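Me: I'm new to reading models like this one. Could you pick one small part, take a close look at it with me, and then work outwards to the rest?

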Amino acid sequence: MANVEVYTWSTCPFCRRAKQLLDHKGVNYTEYVLDGDEAARDAMVARGTNGRRSVPQIFINDHHIGGNDDLQALERQGQLDGLLAEATAIAP
């Protein structure tokens with residue numbers, strides 16, 4: 001199973017939609033709630049590929065997926081299940 005991480009804000013409706021999709025698929029994920037934590041938000045931005053400060057930001061197996069719109073687009077295109085099925089690489 002993939003390692004999924006979601007950076008959120010507790011009152012963000014887009015965060016809730018992204019988590020609802022992952023929950024519906026039975027995905028276990030780690031949620032980082034950034035409410036007021038600028039250092040954590042800066043760390044999220046540093047991990048991403050496009051400098052986005054908006055939430056949610058979603059990572060699957062350390063690959064930056066993007067936000068809710070990006071996650072929903074992967075689902076519509078039939079690509080999300082494949083990403084979620086990829087096992088996390090384990091170092092030898």
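**A close look at one loop**

Reply: Let's start with Asn61, which is partly exposed: its relative accessible area is 23%. Before we go on, keep in mind that this is a predicted model. Asn61 is in the loop that links strand 3 to strand 4, and Asp62 has its place in that loop too. What about Asp62, buried or exposed? Asp62 has a relative accessible area of 58%, and because anything over 50% counts as exposed, Asp62 is exposed.

Now check the backbone here. Asn61 has a phi near 50°, which is a positive value in a residue other than glycine. Asp62 isn't a glycine either, yet its phi is positive as well, at about 65°. For a glycine with a positive phi, go to Gly78, just after helix 3, where the angle is about 75°.

There's another backbone detail to find in the loop between helix 2 (38–47) and strand 3, where Pro56 has its place. The peptide bond running from Val55 to Pro56 is cis, and its omega is near 0°.

So what packs around the two strands that our loop joins? Helix 3 (residues 68–76) is a good place to look: Asn68, Leu71, Ala73 and Leu74 are buried there. The buried residues of helix 3 pack against strand 3 (57–60) and strand 4 (63–66), and also against helix 1 and helix 4 (80–85).

Helix 1 spans residues 13–24, and Lys19 is part of it. You might like to click on this lysine: Lys19 is buried, because its relative accessible area of 18% falls under the 20% cut-off. If you skip neighbours within four places in sequence, Lys19 has contacts with Thr8, Tyr29 and Glu31.

Thr8 takes us to strand 1 (residues 4–8), where 5 of the 5 residues are buried, so the strand is largely enclosed by the rest of the structure. Both of its faces are covered: Val4, Val6 and Thr8 are buried on one side, while Glu5 and Tyr7 are buried on the other. Strand 1 runs parallel to strand 2 (residues 29–33), and 5 bridges join the two. To see how they line up, find Glu5, which stands opposite Thr30 in strand 2.

Time to zoom out. The protein has 4 helices and 4 strands, and from the N terminus they come in the order β-α-β-α-β-β-α-α. How does its radius of gyration fit the idea of a compact globule? For 92 residues such a globule would come out near 12 Å, and the protein has 13 Å, which agrees. Its C-alpha atoms fill a box of roughly 35 × 35 × 20 Å along the principal axes.

Buried residues make up 37% of the 92. If you take contacts with a separation of 6 or more, 56% of them are between residues 24 or more positions apart. On the outside, the accessible surface comes to about 5,400 Å², and 50% of that belongs to carbon and sulfur atoms. As for charge, there are 9 positive and 13 negative side chains, with the centres of the two sets 6 Å apart.

How values were computed:
Residues are numbered from 1 along each chain as its sequence is written. This is a predicted model: local features need pLDDT of at least 70, side-chain atom pairs count only at pLDDT 80 or more; totals for chains, interfaces and linings use all residues. Side-chain values use heavy atoms; hydrogens and water are left out. Buried means under 20% relative accessible area, exposed over 50%, partly exposed in between (1.4 Å probe, protein chains only). Contact means heavy atoms within 4.5 Å. The radius of gyration is taken over C-alpha atoms; the globule rule is 2.2 Å times the number of residues to the power 0.38. Accessible areas come from the Shrake-Rupley method with a 1.4 Å probe; for residues, only the protein chains shown count as cover. Lys and Arg count as positive and Asp and Glu as negative; His and the chain ends are not counted. The place of a charge is taken as NZ of Lys, CZ of Arg, CG of Asp or CD of Glu. Two strands pair if DSSP finds at least two bridges between them.
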